[in-house]
Amino acid sequence: MKNKIRDAFLQIHATEQMKTHVYSRLMQQMEHNKRNRAPLRSLAAAFVLLFLCIGSSFYLWAAPVSYVSIDLNPSIELTLNRFNYVTHAESKNQDGAILLSTIHLAGKSYIKAVELLIESEPMQSYLSKDAALTFTVASPRAEEILAELKTYTASTPYYDTCVQTDMATAQAAHHCGVSIGKYQIYLSLIEHNPSFTLEECEAMSMHQLRELLYKYERSSGVITEPEDDYQQGHHGGHHGHH
């Protein structure tokens with residue numbers, strides 16, 4: 001059978017004219033296919049570029065740059081992007097979870113988010129005259145954020161403390177699952193009482209924690225101001241940097 005097929009092909013003889021014609025047709029077909037593929041390649045390149053642009057824009061928007069911890073008894077942490085807009089709001093205790101269930105903060109500027117939190121009805125029950133409202137900021141732009149927070153809180157009737165910390169402390173707090181604000185004061189407390197646990201810290205309000213720290217610092221001679229002034233803070237003005 002193989003010999004018959006070979007013999008049949010051997011009997012095919014093409015003239016030079018036929019060869020030239022076939023070659024010409026092949027070249028035309030290849031050029032036609034090439035032209036048809038060019039728009040598809042351009043379209044594919046455009047889609048790739050669009051995908052890269054969308055991906056870059058999403059990264060710029062979603063990448064975490066700053067953290068603002070808001071602690072009273074509810075503990076809530078805001079994650080901010082490079083534009084100081086909230087990309088994520090996370091509760092750090094049960095009271096914080098209840099508060100966040102009533103309000104949506106993602107996509108808002110952090111000042112607007114803080115305003116909504118502070119002015120929300122569930123938060124009002126915590127904002128008594130001795131409430132220890134604490135803002136803790138971890139950010140490469142902490143001074144800018146703190147300045148704006150101080151401007152906002154100065155116009156409110158609440159006692160507050162604005163504190164700056166570093167990103168390493170923020171990451172450690174995240175690893176432990178507690179708010180940055182509570183972790184910051186926990187670090188101060190264990191300097192005076194190494195047996196004080198993170199679980200004990202989590203179970204206490206910021207007012208209780210600040211009272212405890214005050215007692216340790218008074219007994220060690222770190223501070224000497226009257227207890228009432230320290231415990232209550234200053235309206236819109238008890239600000240610290242650690």
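Let's start with Arg141 and Glu144. Their side chains meet in a salt bridge, at 3.5 Å from N to O. Keep in mind that this is a predicted model. Why would two such side chains pair at all? Side chains of opposite charge can pair when their charged atoms come close.

Where does this pair sit, buried or exposed? Neither extreme. Arg141 is partly exposed, with a relative accessible area of 27%. Glu144 is partly exposed too, at 36%.

How many salt bridges are there by this rule? Two. The other one joins the side chains of Lys92 and Glu90, at 3.5 Å from N to O. Here the partners sit in different settings. Lys92 counts as buried, at 14% relative accessibility. The cut-off for buried is under 20%, so 14% qualifies. Glu90 is partly exposed, at 33%.

Hold on to Lys92. It leads us to Ser179. Which residues does Ser179 touch, leaving out those up to four places away in sequence? The list is Ser69, Asp71, Ser75, Glu77, Lys92 and Ala173. Ser179 is found in the loop between helix H7, residues 167–176, and helix H8, residues 180–192. You might picture a loop residue out in the open. Look at the number. Ser179 is buried, with a relative accessible area of 1%.

Now take one residue from that list, Ser69. Find strand E1, residues 66–71. Ser69 lies in that strand. How accessible is Ser69? Its relative accessibility is 0%, so Ser69 counts as buried.

What does Ser69 touch, again leaving out residues up to four places away? Ile76 and Glu77 are on the list. So are Thr134, Phe135 and Thr136. Then come Ser179, Ile180 and Gly181.

Two polar partners deserve a close look. One is Asp71. The side chain of Ser69 makes a polar contact with the side chain of Asp71, at 2.6 Å. The other partner is Gly181. Its backbone nitrogen lies 3.1 Å from a polar atom of the Ser69 side chain.

One more distance from Ser69. Val163 is 94 residues away along the chain. Yet the C-alpha atoms of Ser69 and Val163 are separated by 9.6 Å.

Does that pattern go beyond one pair? Look at the contacts with a separation of 6 or more. Residues 24 or more positions apart account for 56% of them.

Next, helix H4, residues 110–119. Which of its residues are buried? Tyr110, Ala113, Val114, Leu117 and Ile118. Seen down the axis of H4, these buried residues fall within an arc of 125°, so they line one face of the helix. Here is the general rule behind such spacing. An α-helix has 3.6 residues a turn, so residues three or four places apart point the same way.

A word on cysteines. How many disulfides does the rule give? Zero. Cys176 is partly exposed, at 35% relative accessibility. Cys201 is buried, at 1%.

Let's step back to the whole chain. The protein chain has eleven helices and six strands. What share of its 242 residues counts as buried? The figure is 36%. The accessible surface comes to about 14,500 Å². Of that surface, 58% belongs to carbon and sulfur atoms.

To finish, go back to Ser69 on the model. Trace its side chain to Asp71. Then trace it to the backbone nitrogen of Gly181.

Methods
Residues are numbered from 1 along each chain as its sequence is written. This is a predicted model: local features need pLDDT of at least 70, side-chain atom pairs count only at pLDDT 80 or more; totals for chains, interfaces and linings use all residues. Side-chain values use heavy atoms; hydrogens and water are left out. Helices (H or I, at least four residues) and strands (E, at least two) are DSSP runs, numbered from the N terminus. Buried means under 20% relative accessible area, exposed over 50%, partly exposed in between (1.4 Å probe, protein chains only). Contact means heavy atoms within 4.5 Å. Accessible areas come from the Shrake-Rupley method with a 1.4 Å probe; for residues, only the protein chains shown count as cover. The arc is that of the directions from the helix axis to the C-beta atoms. A salt bridge is a side-chain nitrogen of Lys or Arg within 4 Å of a carboxyl oxygen of Asp or Glu. A polar contact is a pair of N or O atoms within 3.5 Å; within protein, one must be able to donate a hydrogen and the other to accept it, and residues adjacent in sequence count only if both atoms are side-chain atoms. A disulfide is a pair of cysteine sulfur atoms within 2.5 Å.
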